[in-house]
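Me: I should like to go through the classifications assigned to this model and the criteria behind them. Please set each value against its definition.

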Amino acid sequence: MSPRDSMQAAYVLHSRPYLETSGIVDLFTLEQGKVSVVAKGLRRPTSKLRGVMQPFVPLHVHWRGKQPLKSLLVAEATGLNGIIQGSALMCGLYINELLQRLLVPHEPVPRLYVYYQYVLNALVAGDDVEGALRTFEHKLLSEIGYALPIDTVLANQLYYFDPPSWSFEAVTRIDEDLRHSAFSGQQLLDIADDCYETPAQRSAAKRLMRLAIDHLTADRPLQSRRLFKKQ
């Protein structure tokens, strides 16, 4: 079987230097989730891979190796990435960092791959970027085993979200010091339905996703958020 007979759809999440002229590239693949590969000669000025192995470019790739770090054999662009710039580019770097940090290597998440393509298309088009981001964060949590426990929430009840226990606690009043983690039942039900039409819905969803993701990445803050603050 030739390498092209076993090509896989993929996107570049992140790359870093390796040895003198090569690079280690973290890929998000349709069939095997996150895969790290060595791209030999990637950083040479004459390397054809330099223009291909870029974030947001749809790829077909093939690698070999039995170790966790694979050797890239073939990488071909299967289309052109749209122009992502400004705040949309920061959003793209953010979702790439989320995948790089939270995905378990070689654990397939094909539905999340589809949602990733969806959010990239939204970033390119500039249509409802915030809603697309909240939907992607919500689906990411579900696909990696951290679905938000909203199934027993009542619309007319107030709740606190407690990240360590990954649960919602019903309360009768909101403590001002804990307002950042407080939600109405209706807000949570809207998030469960990925309904982000109003500013209030979007604000609540952003707070909840921030609480959840910060808990999962507590050992190391997201670098992409620092870039947002510098803009």
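Me: Why does tryptophan 166 count as buried?

Reply: This is a predicted model, in which local features need pLDDT of at least 70, side-chain atom pairs count only at pLDDT 80 or more, and totals for chains, interfaces and linings use all residues. Residues are numbered from 1 along each chain as its sequence is written, and side-chain values use heavy atoms, with hydrogens and water left out. Buried means under 20% relative accessible area, exposed over 50%, and partly exposed in between (1.4 Å probe, protein chains only). Tryptophan 166 has 14% relative accessibility, so the residue counts as buried.

Me: What makes tyrosine 146 partly exposed?

Reply: Its relative accessible area is 36%, so tyrosine 146 falls in the intermediate class.

Me: How do you know that tyrosine 146 and tryptophan 166 form an aromatic pair that is edge-to-face?

Reply: Rings of Phe, Tyr and Trp (its six-membered ring) pair if their centres lie within 6.5 Å; planes under 30 degrees apart count as stacked, over 60 as edge-to-face and the rest as tilted. Tyrosine 146 and tryptophan 166 lie 5.2 Å apart, centre to centre, with 65 degrees between the planes, so both criteria are satisfied.

Me: Why is this pair said to tie together parts of the chain?

Reply: Tyrosine 146 lies in the loop between helix H3 (129-143) and strand E6 (158-162), and tryptophan 166 in the loop between E6 and strand E7 (167-171), so the pair joins parts that are 20 residues apart in sequence. Helices (H or I, at least four residues) and strands (E, at least two) are DSSP runs, numbered from the N terminus.

Me: Which residues does leucine 216 touch?

Reply: With contact meaning heavy atoms within 4.5 Å, leucine 216 touches Leu102, Leu141, Ile144, Tyr146 and Trp166, not counting residues up to four places away in sequence. Leucine 216 itself is found in helix H5 (residues 199-216).

Me: What is the span of helix H1 (residues 86-102), and what is expected?

Reply: The expected span is 1.5 Å times one less than the number of residues. For the 17 residues of H1 this gives 24 Å, and the helix reaches 25 Å from its first C-alpha to its last, close to that expectation.

Me: What makes H1 mostly covered?

Reply: Of its 17 residues, 12 are buried, among them Ala88, Met90, Tyr94 and Leu102.
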